[in-house]
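Hi everyone, thanks for making the time. I'd like to walk you through a structure that may be new to most of you, so please have a look at it with me.

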Amino acid sequence: MKTNQTPFNDPSDNTTGCCPRFNAKGWDGQTLHFKDKPFVRATTHSVAHLPIDMGKVFSRVLANINAAHAVDPAHSIVMSRDLSAFSAEHLFAVNADVPGEERVTLSGEYVTKVFEGPFSQVRKWHDEMQDLAKEKGRTAKSVWFYYTTCPKCAKVYGKNPVVGLVELGAAA
């Protein structure tokens with residue numbers, strides 16, 4: 001896979017008008033190579049890891065990204081991770097500056113794994129991602145999740161695919 005690219009997402013397969021249907025083809029077992037890949041960073045608040053303002057924050061950020069024409073819908077990704085039981089960090093891939101939003105860049109190698117199931121499985125999936133890094137002979141520098149559909153769309157589509165991403169660190 002080319003540097004700074006993600007596998008293809010088909011934005012046209014969208015029967016809900018919200019989240020496109022996720023096709024796992026090309027996502028499982030990939031190594032993504034990022035070099036100064038631009039993202040918009042946002043944080044949300046949680047109570048015991050349950051988000052309380054995600055809809056509001058995501059709506060604002062996505063509106064600003066769309067207004068700036070800063071997204072490639074065929075290669076979009078939002079990487080999320082809990083910072084604590086009370087906050088989470090979200091990185092929205094962009095291809096241009098987005099006024100009013102914090103811009104960050106990522107560099108590194110990220111190995112992916114596609115999961116299917118309820119959000120309550122994230123702790124187990126997190127452990128599996130750390131094990132995946134070990135299987136590669138590396139440490140897990142960070143673990144992220146790409147929640148491919150919102151809960152309402154997952155119910156409509158009958159599936160809740162989630163992509164785990166582990167940033168590979170130094171040799172174990």
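Let me begin with a definition: two strands pair if DSSP finds at least two bridges between them. The strands themselves (E, at least two residues) and the helices (H or I, at least four residues) are DSSP runs, numbered from the N terminus. With that in hand, β6 and β7 pair in the antiparallel sense, over eight bridges.

Before I go further, a word on where this comes from. This is a predicted model, where local features need pLDDT of at least 70 and side-chain atom pairs count only at pLDDT 80 or more, while totals for chains, interfaces and linings use all residues. Residues are numbered from 1 along each chain as its sequence is written, and side-chain values use heavy atoms, with hydrogens and water left out.

Now the overall view. The protein chain has three helices and seven strands. Reading from the N terminus, the order is β-β-α-β-β-β-α-β-α-β. The radius of gyration of the protein chain, taken over C-alpha atoms, is 15 Å, close to the 16 Å from the globule rule (2.2 Å times the number of residues to the power 0.38) for 172 residues, so the chain is as compact as a globular protein of that length. Along the principal axes, the C-alpha atoms fill a box of roughly 45 × 35 × 35 Å.

How much of the chain is buried? Buried means under 20% relative accessible area, exposed means over 50%, and partly exposed is in between, using a 1.4 Å probe and protein chains only. By that measure, 38% of the 172 residues count as buried. As for contacts (heavy atoms within 4.5 Å), residues 24 or more positions apart account for 73% of those with a separation of 6 or more.

Let's go back to β7, which spans residues 161-171. Nine of the eleven residues in β7 are buried, so please picture this strand as mostly covered. We have already met one partner, β6, and on that side Y147 stands opposite V162 in β7. The other partner I want to show you is strand β5 (residues 102-116), which pairs with β7 in the antiparallel sense over seven bridges. There, K113 stands opposite G164 in β7.

Next, charged side chains. A salt bridge here is a side-chain nitrogen of Lys or Arg within 4 Å of a carboxyl oxygen of Asp or Glu. The count comes to ten salt bridges. One of them involves our strand again: the side chains of E167 and K141 meet at 3.8 Å, N to O. That pair links distant parts of the chain, with E167 in strand β7 and K141 in strand β6 (residues 138-147), 26 residues apart. E167 is buried at 9% relative accessibility, whereas K141 is exposed at 59%.

For a local example, look at K124 and E128, whose closest N and O atoms are 3.4 Å apart in their salt bridge. Both sit in helix α2 (residues 122-135), four residues apart, so about one helical turn separates them. K124 is partly exposed, at 46%, and E128 is partly exposed too, at 24%. R21 and D13 form another salt bridge, at 3.4 Å. Finally, R41, R81, E89 and E102 are linked in a network of salt bridges.

What about the cysteines? A disulfide is a covalent bond between the sulfur atoms of two cysteines. The rule used here asks for a pair of cysteine sulfur atoms within 2.5 Å, and the count comes to zero disulfides. C19 is in none, and its nearest cysteine sulfur, that of C150, is 3.8 Å away. C153 is in none either, with the sulfur of C150 being the nearest, at 3.6 Å. C19 is buried at 13% relative accessibility, and C153 is buried at 2%.

One last stop, for those of you who like backbone angles. Which residues have a positive phi without being a glycine? N4 is one of them, at about 70°, and N4 lies in the segment before β1. D36 is another, at about 50°, and D36 is found in strand β1 itself. N4 is partly exposed, at 24%, and so is D36, at 47%.

That's my tour, and I'm happy to turn the model around for anyone who wants another look.
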